[in-house]
Amino acid sequence: MKLLSYADIMDQGISVFTCSAQILREKLVVNFRGEIRVEQPYTYLSPFLEDLSTKLDSETISQIELNFVELKYCNSNGFYALMDIIELIYKKVRGRVT
C-alpha cells in the first residue's frame, strides 16, 4: 500500500484523530480513527485536504473505500470535517464507493 496523505489531530500531545489516504493497486482506501471532538477541526485538517487534493490528481483510481470502523466518536464539528474530506474525494475521484 502506498500512503498518499495523513492527517493527525492532537490534544495535549496525544493523537486523538487520524485520517490516512492510501492507494492499493487502483483503490483509494481512506481510514478514519479515534475521536474528533475539537472546535474548528478544519484548521487542523486544511493542510491534509490541500495535500490530498494535489496527490489525487496524479493517481488512477477505480474504487474508493471509506473505513469508519475505528472512528469512536464524532461531534457536530467533526462531522463537517469528515464531510469536507469525503466531498473532496468525491469531486476528485470517479470510482465506485464502498
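Reader: Let's say two strands pair if DSSP finds at least two bridges between them. How many bridges join strand 4 to strand 5 here?

Author: There are 2 bridges between strand 4 and strand 5, and the two strands run parallel. Gln 63 sits opposite Arg 96 of strand 5. Helices (H or I, at least four residues) and strands (E, at least two) are DSSP runs, numbered from the N terminus.

Reader: And what am I looking at, model-wise?

Author: It's a predicted model, where local features need pLDDT of at least 70 and side-chain atom pairs count only at pLDDT 80 or more, while totals for chains, interfaces and linings use all residues. Residues are numbered from 1 along each chain as its sequence is written, and side-chain values use heavy atoms, with hydrogens and water left out.

Reader: OK, what's the strand order in the sheet?

Author: The order is 1-2-3-4-5, in an open sheet of 5 strands with mixed pairing. Strand 1 (2-11) and strand 5 (96-97) are the edge strands, each pairing on one side only.

Reader: Walk me in from strand 1. How does strand 1 run relative to strand 2, parallel or antiparallel?

Author: Antiparallel, with 9 bridges joining strand 1 to strand 2. Ile 9 has Phe 17 of strand 2 as its bridge partner. The two strands make a hairpin with 2 residues between them, and Gln 12 in that turn has a positive phi of about 55 degrees.

Reader: Phe 17 again: which residue of strand 3 stands opposite?

Author: Gly 34. Strand 2 (residues 14-24) and strand 3 run antiparallel too, joined by 8 bridges. Another pair there is Ile 23 opposite Leu 28 of strand 3.

Reader: What's in the turn between strand 2 and strand 3?

Author: That hairpin also has 2 residues between its strands, and Arg 25 sits in the turn. Arg 25 isn't a glycine, yet its phi is positive, near 60 degrees.

Reader: Is that arginine buried or exposed?

Author: Arg 25 is exposed, with a relative accessible area of 71%. The cut-offs are under 20% for buried, over 50% for exposed and partly exposed in between (1.4 Å probe, protein chains only).

Reader: Then how many residues of strand 3 are buried?

Author: 7 of the 10 residues in strand 3 (residues 27-36), so "mostly covered" is fair. On its other side, strand 3 runs parallel to strand 4 (residues 63-74) with 9 bridges; Glu 35, for one, is bridged to Tyr 73. The chain gets from strand 3 to strand 4 through helix 1, in a right-handed β-α-β crossover (with the strands pointing away from the viewer, the path from the first strand over the helix to the second runs clockwise).

Reader: Switching to helices. At what angle do helix 1 and helix 2 pack?

Author: About 10 degrees for helix 1 (residues 42-56) and helix 2 (residues 76-92), with axes 11 Å apart. Axes are lines fitted to C-alpha atoms, for helices over the stretch in contact, and angles run from 0 to 180 degrees between N-to-C directions. The helices are therefore roughly parallel to each other (under 35 degrees; over 145 is roughly antiparallel, 65 to 115 roughly perpendicular, the rest oblique).

Reader: Which residues make the contact?

Author: Contact means heavy atoms within 4.5 Å. Helix 1 brings Tyr 42, Leu 45 and Phe 48, among others, and helix 2 residues including Ala 81, Asp 84 and Ile 85. The contact residues split into 10 nonpolar, 1 polar and 2 charged (Ala, Val, Leu, Ile, Met, Phe, Trp, Tyr, Cys and Pro are nonpolar, Asp, Glu, Lys and Arg charged, the others, Gly among them, polar).

Reader: Which strands does helix 1 touch?

Author: Helix 1 touches strand 1, strand 2 and strand 3, at about 175 degrees to the direction of strand 1. Helix 2 lies across strand 2, strand 3, strand 4 and strand 5, at about 175 degrees to strand 4.
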